Amino acid sequence: MSEMTVKDFAAKVGRDVPRLLEQMKEAGLEHKSEGDAVSEEDKRKLLDYLTKSHGGNSGSGGKNRITLTRKTRSRINTGERGKSIEVQVRKKRTYVKREEEPAEDPKVEDTGPRQLVGDMAEAEARREAEEAEEAKRRAAEESARQAAEKAEAEKAEAEQVPQAEPEPEIPVPELDATGPAPEEAPAPPKEGRTEGRRAAVKKASGKPGKKGRGDRDDDRSDREERRRGGRKAKRAERRGSRRGGSQGGGKHGFQKPTQPIVREVSIPESISVADLADKMSIKANEVIKAMFTMGAAVTINQTIDQDTAAIVVEEMGHKPKLVKDDALETEVLEGISYEGDEITRSPVITVMGHVDHGKTSLLDYIRRAKVATGEAGGITQHIGAYHVEDDHGGATFLDTPGHAAFTAMRARGAKATDVVVLVVAADDGVMPQTIEAVEHSKAAEVPLIVAVNKIDKANADPDRVKSELSQHGVISEEWGGDTQFVHVSAHTGDGIEALLESIQLVSEVLELKAVPEAPGKGVVVESRLDKGRGPVATVLVQNGTLKKGDIVLAGLHYGRVRALTNELGKQVDEAGPAMPVEIQGLDGTPEAGDDFMVLDDDKKAREVANFRQGKYREVRLARQQKAKLENMFSQMGQEVAAKLNIVLKADVQGSLEAIKGALEELSTDEVQVSVVSSGVGGITGTDANLALASEAIVIGFNVRADAAAREIIEREGLELRYYSVIYQLIDEVKQAMSGMLEPEWKEEIVGVAEVRDVFRAPKIGAVAGCMVVEGNVHRHKKIRVLRENVVIYEGELESLRRYKDDVNEVRNGMECGIGVKNYNDVQVGDKIEVFDQVKVERTL
């Protein structure tokens, strides 16, 4: 046999050359390279070294005791997604040979050092197990013969033997997961282990004989079952009981409920069948079946009311809990406390009156600022709020427009005010908008002060104003009424101080109070979309204090206040009661007249705003659907009305609402105005595309179109109109609607001819010899044949002759021959009436 090198030996035993050289060096061998020769003596020395390192010794005893150390790694899921734990288990096992037998020389050439030791141990254990199994079998046969003789006497004791548990002191070695299966190679028992187990079984069974084979098999199966159960329990404990914990034997701890589960089901004002089933944790078809048995056939997506849902829930064995849709909103608003020390606050005055009666000029004189110069056409287009400090304690004025289109804005202004100042021009008297202002103040139950303006004019007549207002229930104190009349002049300033004193007097009677320490609340006066600052809302604080950084809920929108700006354009940190300010930070432009309030929780403010937006969408869709149905039935059998579509953009919310309302009021049965889109801010490309799709005209009020919108409008030939005065906008829309009206056709009698004689012509038929008695008779116009002033035929002339010549016209007082087309029953005395239809354009 050729000499083996280190490289060959490493390949034989399945080891790396460097590792084998390292082990040989530790064993005291002087091999340094893979080409060195390995002798049989070298192999024996290496095996002795490895045996010692595994718990043996170099002598004969080392062959009877072998210790193996094994290390295993595994990964365990923690139950969370993508997370696991690496577990390392180290096990040390010692094999002992109890009988001294001559050992054969190990075949070092066939196995590696570490594998050799393990294979020897496993082979030894397998051989001992086979010998032990044979001994057990022989003992079982002997025991079976003895048991057959005493079967009846010892039957009760034999039944207890399988239930007896072995002594806990008897250890059962745990096998490595990588080793052989327990049935194939059980670990060799320690010395005395077999005798101790037999003694324990004898003690439990109460008989001196050996165990039967069946009893030992049961005992072994019990041990294996306990071992498996223990391993499963340990694994379940390491995994954190991902399935709710393991009990003995690895069984789950869930049990089927013995009693029905009764749930408390929250029911809103309306709910679908599918949602109701989900709240009760049952299938939707069960709810449908239950309702069918109750006499109601529904579908899975059908919406039912709160009362019906409550009956269904009770029928299904649960407890209904009725919840209002606005429960969250009510809870949030009722949770705000406005209690605290009250102080006297400044009054809020709304200035009302007819167009050009001097409202803004009067306010200008009071606050020494020219507001009217910045208004197009001298008409106030927006609600403006101004705080004025004077010797009388200060006041906040709301200047509302006087144009008829701003009726709704004036109504909101009256709701937010304490005192109404009605401005009436002494030279003009009471006008329609003046009467509307009186009605608004009465509806809001607000005190009224009449400021008779323009008394400096030569044709001023204050008594006329008093007389006309008295017809509408506004009676002066001088005439025995309760309304103060103050004569003022916004031009010269006469009577201004008297007006302020009257306002202060009325405010003292009202005893206006507020709590500055409370959270701020009030009303939105105006809102607009600023290109640089975003949504900007002008608000009037009615109670509490509004501070920078507060969370504000205003109508359908909410946000955190980023900045506060007063009427002078200065940044302030807070605004107290009766103070108007502009706020930034909302997520949209609220409607003018919406209430605003300060909340503590941003999440609750968002929830309430989302709820309000959802309700608003539902109401709007329901209104649209109702209008569609109403139009469908009303238009049955009728011609479809013309429609003028408009895309409207304005600078502020108040003007937008006023224009939109005024335009929609222009609609008639024949021509309807439809504002397909409206918003605050400039005209964008989206607005232009919408106008193109809906065949609408684009109207901008104090706003302009951006570059993208202008490109689309020019390319597609859309109509774009800019306005800065509302009544001009309304007048031009009226003209456009007038052009869409169907024209009227008016009949004009051109001439009348009287039949004096009737002739018969072979080719023409009856020819009437006539005298033109009125107007002129034309050949190409329509005629009527009248007999005793009753129309008996309507048609056309076939021929018109004077003597033998065909003519187109015969004047009054001349004779002619007339042939009526398709009519031969002309008689003497009939009259032939020639008429023409004239197109008459209609206007609104």
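Which residue in strand 27 does Ala642 stand opposite? I looked this up first and found that Ala642 stands opposite Val671. I note at the outset that the model is predicted.

**Entry: overall content**

I recorded the totals for the protein. It has 21 helices and 38 strands. Of its 844 residues, 39% count as buried. I also looked up how contacts are distributed along the sequence. Among contacts between residues at least 6 apart, 69% join residues at least 24 apart.

**Entry: the sheet around strand 26**

I turned to the pairing of strand 26 and strand 27, which is parallel and runs over 9 bridges. Both strands belong to an open sheet of 4 strands, whose order is 27-26-28-29 and whose pairing is parallel. I then asked which strands stand at the edges. They are strand 27 and strand 29 (720-723); each has a single partner strand, so one side of each is left without a neighbour in the sheet. From one strand to the next, the twist averages 25 degrees.

I looked up the helices that lie on these strands. Helix 19, residues 685-694, lies across strand 26, strand 27 and strand 28. Its direction is at about 180 degrees to strand 26. Helix 21 packs on the sheet as well, and touches strand 26, strand 27, strand 28 and strand 29. The direction of helix 21 makes about 160 degrees with that of strand 26.

**Entry: nonpolar cores**

I looked up the largest nonpolar core and found 23 residues in it. The residues with the most contacts inside this core are Ile646, Leu663, Ile699, Leu729 and Val733. Which elements give two or more residues to it? I listed strand 26 (642-650), helix 18 (653-665), strand 27 (671-680), strand 28 (697-701) and helix 21 (726-740). Helix 21 gives the most, with 5 residues.

I followed one member of this core further. Leaving aside residues up to four places away in sequence, Ile699 touches Ile646, Val647, Leu648, Lys649, Arg721, Tyr723, Leu729 and Val733. Apart from this core lies another one, of 22 residues, which includes Leu362, Ala395, Leu500 and Ile503. For context, I note that nonpolar side chains tend to be buried together in soluble globular proteins.

**Entry: helix 12 against helix 16**

I examined the packing of helix 12 (residues 359-367) and helix 16 (residues 496-510). Their axes come within 11 Å and cross at roughly 90 degrees. Helix 12 and helix 16 are therefore roughly perpendicular to each other. In helix 12, the contact involves Leu362, Tyr365 and Ile366; these meet Ile496, Leu499 and Leu500 in helix 16. By class, I recorded 6 nonpolar residues in this contact, no polar and no charged. Leu362 and Leu500, from this contact, are also among the residues of the core of 22 residues.

**Entry: helix 1 against helix 2**

I repeated the query for helix 1 (residues 6-13) and helix 2 (residues 17-26). The two axes come within 9 Å and cross at roughly 105 degrees. That makes helix 1 roughly perpendicular to helix 2. Val6, Lys7, Phe9 and Ala10 in helix 1 meet Val17, Leu20, Leu21 and Met24 in helix 2. The residues of this contact divide into 7 nonpolar, no polar and 1 charged.

**Entry: positive phi in loops**

I searched for positive phi values in residues other than glycine. Glu511 has a phi near 55 degrees. This residue is found in the loop between helix 16 and strand 16 (513-514). Is Glu511 buried or exposed? Glu511 counts as exposed because its relative accessibility is 59%.

I noted Glu788 as well, with a phi near 60 degrees. Glu788 is found in the loop between strand 33 (782-787) and strand 34 (790-802). At 74% relative accessibility, Glu788 counts as exposed.

**Entry: Ser346**

I closed with Ser346, which lies in the loop between strand 9 (343-344) and strand 10 (348-353). Its relative accessibility is 16%, so Ser346 counts as buried. How far apart in space are Ser346 and Gln504, C-alpha to C-alpha? I recorded 9.1 Å for this pair, whose members are 158 residues apart in sequence.

Definitions and conventions
Residues are numbered from 1 along each chain as its sequence is written. This is a predicted model: local features need pLDDT of at least 70, side-chain atom pairs count only at pLDDT 80 or more; totals for chains, interfaces and linings use all residues. Side-chain values use heavy atoms; hydrogens and water are left out. A nonpolar core is a set of buried Ala, Val, Leu, Ile, Met, Phe, Trp, Tyr and Cys residues joined through side-chain atoms within 4.5 Å. Buried means under 20% relative accessible area, exposed over 50%, partly exposed in between (1.4 Å probe, protein chains only). Contact means heavy atoms within 4.5 Å. Axes are lines fitted to C-alpha atoms, for helices over the stretch in contact, and angles run from 0 to 180 degrees between N-to-C directions. Angles under 35 degrees count as roughly parallel, over 145 as roughly antiparallel, 65 to 115 as roughly perpendicular and the rest as oblique. Ala, Val, Leu, Ile, Met, Phe, Trp, Tyr, Cys and Pro count as nonpolar, Asp, Glu, Lys and Arg as charged, and the others, Gly among them, as polar. Two strands pair if DSSP finds at least two bridges between them.
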